[in-house]
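Student: Could we go through this one together, starting with a single residue and then moving outwards?
Tutor: Gladly, ask away once you have it in view.

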Amino acid sequence: MFGRRKEKAGAVAQTTGQDLELANSHEPKEAGNHAHKHHHPMFNHNGHKVTKGIHPDGESGRKGVHPHHFLRISARSASKISMAVNVLWPFVPAAIAVRYARPEAHLWIFVLNYIAMVPTANLIGFAGQELARKLPKVFGVLVETFLGGIVEIVLFMVLLHKNIDDPADERYNNFIPVIRAAILGSILANVLLCLGCCLFAGGLRREEQDFDAAISEVGSGLLMTAGFGLMIPAAFFTSLSGSTTVDLDADQLTDKVLTISRVTSVILLVAFLLYTWFQMRSHHGIYDAVLEKDEARDHDRHKDLTKAKLTLTECILALVIAITLVCFHAIFLVEGIEYIVEERHVSDSFIGLILVPLVEKAAENLTAVDEAWDNQINFALAHVLGATIQTALLNGPLVVIVGWGLHKAMDLNFEIFNAVILILAIIVAGNFLRDGKSNYLEGALCILIYIIIAEPVRPPRLRARVLKEAISYGF
């Protein structure tokens, strides 16, 4: 009986494949390689008619919004890890409720909103991935990477808006150090922690993973450029702050550093635009070939192709919901930072270097690690290096330029310790990527380096403080 069922299923599958091939064969064929590159079949692998302008891999076979399908597909998410993260969704209403019901519970408002940002950021990442499937390969990766950085942009802008810019106030520029630390912390989390997790996860299933130089070399070069640009204001300030040969007082030196930071930010934005043009227009064929090759060796590609997908409208709806929630959680989170720093004696460096990057990069990290696990190491590196480049060449400079427009003294005068570890981290990551091969040892070393960096800024007895606060408020 089971044998007859298998034969029948095979016959149905064969018939379906022949029907699709026949339907696709009736499409008009144009001569020339250019037409062949942009040719899409009328029906995709699932038998769904492909909508004009939608890539076959992202065709859902539906239109509009279907609440049942929308919730089911969003709950399933992109991978088992992402699906497990959805367990944290009850923290979203809890965080908002505690913010208004018990506004004096500052620590718990901070903790709950911090946790609540993880599932909302995960939804942004998933909706971005679903949207990217509907777009051309390279453009889809760029859009997905940009959407993954939305959480970071929102946090930076909220911190900048909440910053006190009155010199007479003792809390003058209270959030500027947090933003500066978060910029560097985001880069470090990507080039060490996330990259390390990708190399480690991929290396567990195979002896070595090979990746293309088009991804690694361009990314490493841009990171060195960004690191150099970000270090200039700090190096200038450090070299002249104790100098006896240059006649500049503290205010003049601060103004000079601010000017250098703004000019540097404009130049870094130009570099980001050049990088985007390089990927999307002048050299997009190279990246298309690399990513298509990566898709062919994806261990789970057959499962991904048959999964139910969100419609274009559902992707946009999910992004609107998630970004709105992220904005609320970012505002409530930032409101608690001052209390955490002043009353709980948690340093700006720990919040900026460690806490903020971990939550804002959660979705991107999960996506990249899942891709490396499935042997899509080029996709994983494109997400990791792309997110790092976006922070260094777009998000960081953008917050400086926005601060310039709002007359806020946002600069790139990083602490010399932070600037040094940034350059060292870029050099370490570049060396691991130089040979075009990776293994679990290199990934583990990247993670260990990140832990070493986190140790000097780790607050003492943080767990005991959280438990004490919980008991005092009856949680």
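Student: Is Asn 375 buried or exposed?
Tutor: Asn 375 is buried, its relative accessible area being 13%. Please keep in mind throughout that this is a predicted model.

Student: Where is Asn 375 placed?
Tutor: Asn 375 lies in the loop that runs between α16 and α17, and its phi is near 75 degrees, which is a positive value in a residue other than glycine.

Student: What about the helix just before, so how many residues of α16 are buried?
Tutor: Eleven of the twelve residues of α16 are buried, so that helix is mostly covered. The buried residues include Glu 364, Asp 370 and Glu 371, along with Leu 366 and Val 369. As for its length, α16 covers residues 362–373 and reaches 17 Å from its first C-alpha to its last, close to the 16 Å expected at 1.5 Å a residue.

Student: And on the other side of that loop, at what angle does α17 pack with α9?
Tutor: Helix α9 (residues 176–205) and helix α17 (residues 377–405) pack at about 175 degrees, and their axes are 10 Å apart. Angles over 145 degrees count as roughly antiparallel, and α9 and α17 are therefore roughly antiparallel to each other.

Student: Which residues meet there?
Tutor: On the α9 side they include Ile 179, Ile 183, Ile 187, Asn 190 and Cys 194, while on the α17 side Leu 381, Val 384, Thr 388, Thr 391 and Gly 396 are among them. By class, the contact of α9 with α17 comprises 15 nonpolar and five polar residues, with no charged residues.

Student: Switching helices, how are α3 and α6 arranged?
Tutor: Helix α3 (residues 67–76) packs with helix α6 (residues 106–133) at an angle of about 110 degrees, their axes being 10 Å apart, and that angle makes α3 roughly perpendicular to α6. The residues in contact are Ile 73, Ser 74 and Arg 76 from α3, together with Leu 123, Phe 126 and Glu 130 from α6. Sorted by class, the contact of α3 with α6 has three nonpolar residues, one polar and two charged.

Student: Back to phi, what is the value for His 407?
Tutor: Phi of His 407 is near 60 degrees, again a positive value in a residue other than glycine. His 407 sits in the loop between α17 and α18 (416–433), and with a relative accessible area of 69% His 407 is exposed.

Student: Further along, where is Arg 434 placed?
Tutor: Arg 434 is found in the loop between α18 and β2 (437–438), where its 64% relative accessibility counts as exposed. The C-alpha of Arg 434 is separated by 7.4 Å from that of Ser 216, although the two residues are 218 residues apart along the chain.

Student: Zooming out, how many helices and strands are there?
Tutor: The secondary structure comes to 20 helices and two strands, and buried residues make up 52% of the 475 residues in the protein. Of the contacts between residues at least 6 apart in sequence, 81% join residues at least 24 apart.

Student: Last one, where does pLDDT stay under 50?
Tutor: That stretch is residues 1–38, for which the model has 14 contacts beyond four places in sequence. Over the protein the average pLDDT is 80, and 81% of the residues score at least 70.

How values were computed:
Residues numbered from 1 in each chain as written. Predicted model: local features only at pLDDT ≥ 70, side-chain atom pairs only at ≥ 80, totals over all residues. Heavy atoms only, no water. Axes fitted to C-alpha atoms, helices over the stretch in contact; angles between N-to-C directions. Helix = DSSP H or I, 4+ residues; strand = E, 2+ residues; numbered from the N terminus. Parallel < 35°, antiparallel > 145°, perpendicular 65-115°, else oblique. Contact = heavy atoms within 4.5 Å. Nonpolar A, V, L, I, M, F, W, Y, C, P; charged D, E, K, R; others polar. pLDDT = per-residue confidence, 0-100. Expected span 1.5 Å × (residues − 1). Buried < 20%, exposed > 50% of the residue type's maximum accessible area, 1.4 Å probe, protein only.
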